Amino acid sequence: MDIKILDEADIAKMHIAGRLAAEVLEMIEPHVKAGVTTGELDTIMQDFIENQQHAISACLGYHGYPKATCISVNEVVCHGIPGIQHLHNGDIVNIDVTVIKDGYYGDTSKMFRVGEVSPRNHKLCKCAQESLYAALKAVKPGVPLSIIGDTIQPIADKEGFSVVRDYCGHGISTEFHTEPCVLHYKNSASRNIILQKGMSFTIEPMINAGTWKCKVNKKNGWTVTTADKQPSAQYEHTLIITDDGCEITTHRSDENEISPVFHN
Ligand code: MF3
Ligand code: CO
Ligand code: CO
């Protein structure tokens with residue numbers, strides 16, 4: 001198994017792509033309100049990526065995916081296809097954006113809360129975010145990739161939530177999805193992969209309120225929902241392993257809880 005090691009020039013370009021992806025989520029925030037459709041949000045983001053950022057959506061046309069972003073509402077775990085669905089007060093919404101700039105990728109997602117959400121849904125979103133942050137704080141050269149699942153799983157377990165097993169984080173730089181496969185649950189498969197400076201990958205835990213089991217929509221082949229129709233939440237960052245921790249290429253200005261660079 002070969003995991004690409006980035007040099008300084010690669011890293012500079014990863015920072016540019018990552019910043020653009022983060023900026024799309026910052027830009028869309030005021031538009032995510034009750035009444036708007038997911039298709040309208042997607043159009044605003046596609047226009048911004050193409051005409052303001054002069055970048056490319058990595059999702060549009062990826063294995064035939066029809067839209068520029070993924071918008072996953074409530075029980076949708078990931079790969080929600082934007083369309084005619086209206087957002088309602090109380091919805092929890094994941095928006096996942098991947099941009100390509102100068103051949104390099106930035107991939108990130110966050111949860112948006114529409115109006116007042118239930119305490120349980122709020123807790124679910126918080127849990128997904130905190131589990132991502134804990135994993136980011138745990139990675140550095142010399143530790144096994146399995147530290148990520150070892151960190152995230154207990155945080156979900158403690159709340160009575162579950163970690164999705166069917167989808168993982170991924171290596172990313174000049175390609176969208178490469179090795180390694182970043183599992184978010186406890187596993188032995190990634191214990192012998194040791195992190196090194198210059199590796200870049202995503203961490204993107206999907207946390208379900210009920211069962212971890214998922215179903216793929218048979219009609220469109222994309223939309224993933226929880227098997228029990230209970231809600232799901234996800235946060236994603238792209239990171240690069242540094243000398244003593246990691247740097248987050250997709251860090252947003254609203255993230256006061258974490259810094260873009262960790263010295264672990
Ligand atoms: N951005 C997603 C990820 O985190 C992948 C979306 S692929 C798409 O890996 F085709 F559905 F857009
Ligand atoms: Co990803
Ligand atoms: Co993504």
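This short talk walks through two cobalt sites, one helix, one small sheet and the cysteines.

A word first on what you are looking at. This is a predicted model.

Let's start with the metals. Take the cobalt ion (ligand 3). Which protein donors hold it? They are Asp96, which gives two OD entries, Asp107 (OD) and Glu236 (OE). These donors lie 2.0 to 2.4 Å from the ion. Along the chain, the donor residues of ligand 3 are spaced D-x10-D-x128-E. Now the geometry. Six donor atoms surround the cobalt ion (ligand 3), and their angles run from 58 to 166°, which makes the arrangement irregular. Look at where two of the donors come from. Asp96 sits in strand 4, residues 92-101. Glu236 sits in the loop between strand 13 (232-234) and strand 14 (237-241). So this pair ties together parts that are 140 residues apart in sequence. Are Asp96 and Glu236 buried or exposed? Both are buried.

On to the second ion, the cobalt ion (ligand 2). Its protein donors are Asp107 (OD), His170 (NE2), Glu204 (OE) and Glu236 (OE). They lie 2.0 to 2.2 Å from the ion. The spacing here reads D-x62-H-x33-E-x31-E. This site has six donor atoms as well, with angles of 50 to 159°, and it too is irregular. Glu204 is in the loop between strand 9 (200-203) and strand 10. Glu236 is in the loop between strand 13 and strand 14, so this pair ties together parts 32 residues apart in sequence. Glu204 is buried, and so is Glu236.

How far apart do the two cobalt ions lie? The answer is 3.3 Å, and Asp107 bridges them. Glu236 also appears in both donor lists: for ligand 3 and for ligand 2.

Next, a helix. Helix 2 covers residues 38-52, which is 15 residues. From first C-alpha to last, helix 2 reaches 20 Å, close to the 21 Å expected at 1.5 Å a residue. Which of its residues are buried? Thr38, Gly39, Leu41, Asp42, Met45, Phe48 and Ile49. And what covers them? The cover includes helix 1 (8-28), strand 1 (56-57), strand 2 (70-73) and strand 4. Strand 4 should sound familiar: it carries Asp96. Just after helix 2 comes His54, with a positive phi of about 50°.

Now a small sheet. Three strands form an open sheet in the order 6-10-13, with antiparallel pairing. Strand 6 (162-163) and strand 13 stand at the edges. Each has a single partner strand, so one side of each is left without a neighbour in the sheet. Strand 6 is joined to strand 10, residues 206-208, by two bridges. Val163 stands opposite Ile207 of strand 10.

Last, the cysteines. How many disulfides does the structure hold? Zero. Why is Cys125 unpaired? Its closest cysteine sulfur, in Cys127, is 9.9 Å away, too far for a bond. Cys125 has 0% relative accessibility, so it counts as buried. Cys214 tells a similar story. The closest cysteine sulfur to that of Cys214 is in Cys78, at 6.9 Å, and that is too far for a bond. At 16% relative accessibility, Cys214 also counts as buried.

If you keep one picture, keep this one. Asp107 bridges two cobalt ions 3.3 Å apart. That's it from me.

Conventions
Residues numbered from 1 in each chain as written. Chains lettered and ligands numbered in written order. Predicted model: local features only at pLDDT ≥ 70, side-chain atom pairs only at ≥ 80, totals over all residues. Heavy atoms only, no water. Donors = N, O, S within 2.8 Å, 3.2 Å for Na, K, Ca; no water. Tetrahedral: all angles 85-135°; square planar, octahedral: opposite > 155°, others 65-115°. Helix = DSSP H or I, 4+ residues; strand = E, 2+ residues; numbered from the N terminus. Buried < 20%, exposed > 50% of the residue type's maximum accessible area, 1.4 Å probe, protein only. Expected span 1.5 Å × (residues − 1). Contact = heavy atoms within 4.5 Å. Disulfide = S-S within 2.5 Å. Pairing = 2+ DSSP bridges.
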